[in-house]
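Work through the following exercises with the sequence and the model side by side, and try each task before reading its solution.

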Amino acid sequence: MMTAVEFIHTDLKRLHAMLDKAIGDLTPEQLHTVPAGHPKANTLAWVFWHYARTEDNVVRFVLQNRRPTVWAEGGYAEKLGLPPVAQGTGMTTAEAQALRLKDVRLFKEYMQKVWASTDDFLATTSPAALEATVTVKPLGEMPGIRALGQTCLSHGMAHAGEIELARTLIGVGPAVGV
């Protein structure tokens, strides 16, 4: 029988492949278009950035005892002209819609490094290590395995669905299909 860690690891790989495919063919203009011009909709750029930053923060900073994130290690905030610590949680819609990925190739590089870091962590971490209680802001205390399942896998899959809808609303169509 598959363990919880194996399940999460397998499905995070599947999520990463879905996100890679969904961002792969988008132009900078498409990434920054507000879906259907809706005043409360997030751009695809914001959703990709928010999710990658969240996974990076949870896997590195939260689960690895405040290990510097890929974002910090690679100087991506400075290189992309984006906030050094923020990941989008708590941003207003206007702030989210204003976020710009000025170098899409560099942002994709960042995503790949986050995916690789997560993969390495899950391949080398014992299930027992993920039983320890961690604090995920703003959600509170939980076992490490739940932090992965809730804030990475479930949260990421929800955003993958949002991305597919947004792609349709901006006229590109779904990347993954039904």
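**Exercise 1. Decide whether the end-to-end span of helix α7 agrees with the span expected from its number of residues, and state which helices help to cover its buried residues.**

Solution. Keep in mind throughout that this is a predicted model. Begin with the count: α7 has 21 residues, and at 1.5 Å a residue these should span 30 Å. Because the expected span is 1.5 Å times one less than the number of residues, the first residue adds no rise of its own. Next, take the distance between the end C-alpha atoms of α7, which is 30 Å and therefore agrees with the expectation. Then turn to the side chains: the buried residues of α7 are V104, L106, F107, Y110, M111, V114, W115, S117, T118, F121 and L122. An α-helix has 3.6 residues a turn, so residues three or four places apart point the same way. Finally, look at what lies over these buried residues of α7, where the cover includes α1, α2, α3, α4, α5 and α8.

**Exercise 2. Repeat the span check for α1 and for α8, and locate the kink in α8.**

Solution. For α1, the 21 residues reach 30 Å from the first C-alpha to the last, close to the 30 Å expected. Its buried residues include V5, I8, L12, L15, L19 and I23, and the cover over the buried residues of α1 includes α2, α3, α7 and α8. For α8, which runs over residues 144–169, the 26 residues reach 36 Å, close to the 38 Å expected at 1.5 Å a residue. Now follow the axis of α8 along its length, and you will find a kink of about 25° centred on G156. Just after α8, G171 has a positive phi of about 90°.

**Exercise 3. Describe how α3 and α8 are packed against each other, and classify their relative direction.**

Solution. Two packed helices are described by the angle between their axes and the distance between the axes. For α3 and α8 the angle is about 170°, and the axes are 10 Å apart. Since angles over 145 degrees count as roughly antiparallel, α3 and α8 are therefore roughly antiparallel to each other. On the α3 side, the residues making the contact include F48, Y51, V58 and V59, while on the α8 side they include L148, C152, G156 and I163.

**Exercise 4. Establish whether V59 is buried or exposed, and list its contacts beyond its neighbours in sequence.**

Solution. First place the residue: V59 is in helix α3. Its relative accessibility is 1%, and because buried means under 20%, V59 counts as buried. Leaving aside neighbours within four places in sequence, V59 is in contact with Q64, T118, F121, L148 and C152. As a last step, compare sequence with space: V59 and D119 are 60 residues apart along the chain, yet their C-alpha atoms are separated by 9.8 Å.

**Exercise 5. Find which residues of the largest nonpolar core touch the most other members, and which element gives the most to this core.**

Solution. The largest nonpolar core has 53 residues, of which L19, F48, L63 and F107 touch the most other members. The elements that each supply at least two residues include α1, α3, α7, β1 and α8, and α3 gives the most, with 11 residues. To see one of these members in detail, take L63, which touches V58, F121, L130, V134, G144, A147 and L148 when residues up to four places away in sequence are not counted. The C-alpha atoms of L63 and A129 are 9.2 Å apart, although the two residues are 66 residues apart in sequence.

**Exercise 6. Examine the backbone at A36, N65 and P138, and say where each residue lies.**

Solution. A36, in the loop between α2 and α3, has a positive phi of about 55° although it is not a glycine, and with a relative accessible area of 60% it is exposed. N65, in the loop between α3 and α4, also has a positive phi, near 55°, and at 69% relative accessibility N65 counts as exposed. P138 lies in the loop between β1 and β2, and the peptide bond joining K137 to P138 is cis, with omega about 5°.

How values were computed. Residues are numbered from 1 along each chain as its sequence is written. This is a predicted model: local features need pLDDT of at least 70, side-chain atom pairs count only at pLDDT 80 or more; totals for chains, interfaces and linings use all residues. Side-chain values use heavy atoms; hydrogens and water are left out. Helices (H or I, at least four residues) and strands (E, at least two) are DSSP runs, numbered from the N terminus. The bend at a residue is the angle between axes fitted to the seven residues ending there and the seven starting there. A nonpolar core is a set of buried Ala, Val, Leu, Ile, Met, Phe, Trp, Tyr and Cys residues joined through side-chain atoms within 4.5 Å. Buried means under 20% relative accessible area, exposed over 50%, partly exposed in between (1.4 Å probe, protein chains only). Contact means heavy atoms within 4.5 Å. Axes are lines fitted to C-alpha atoms, for helices over the stretch in contact, and angles run from 0 to 180 degrees between N-to-C directions. Angles under 35 degrees count as roughly parallel, over 145 as roughly antiparallel, 65 to 115 as roughly perpendicular and the rest as oblique.
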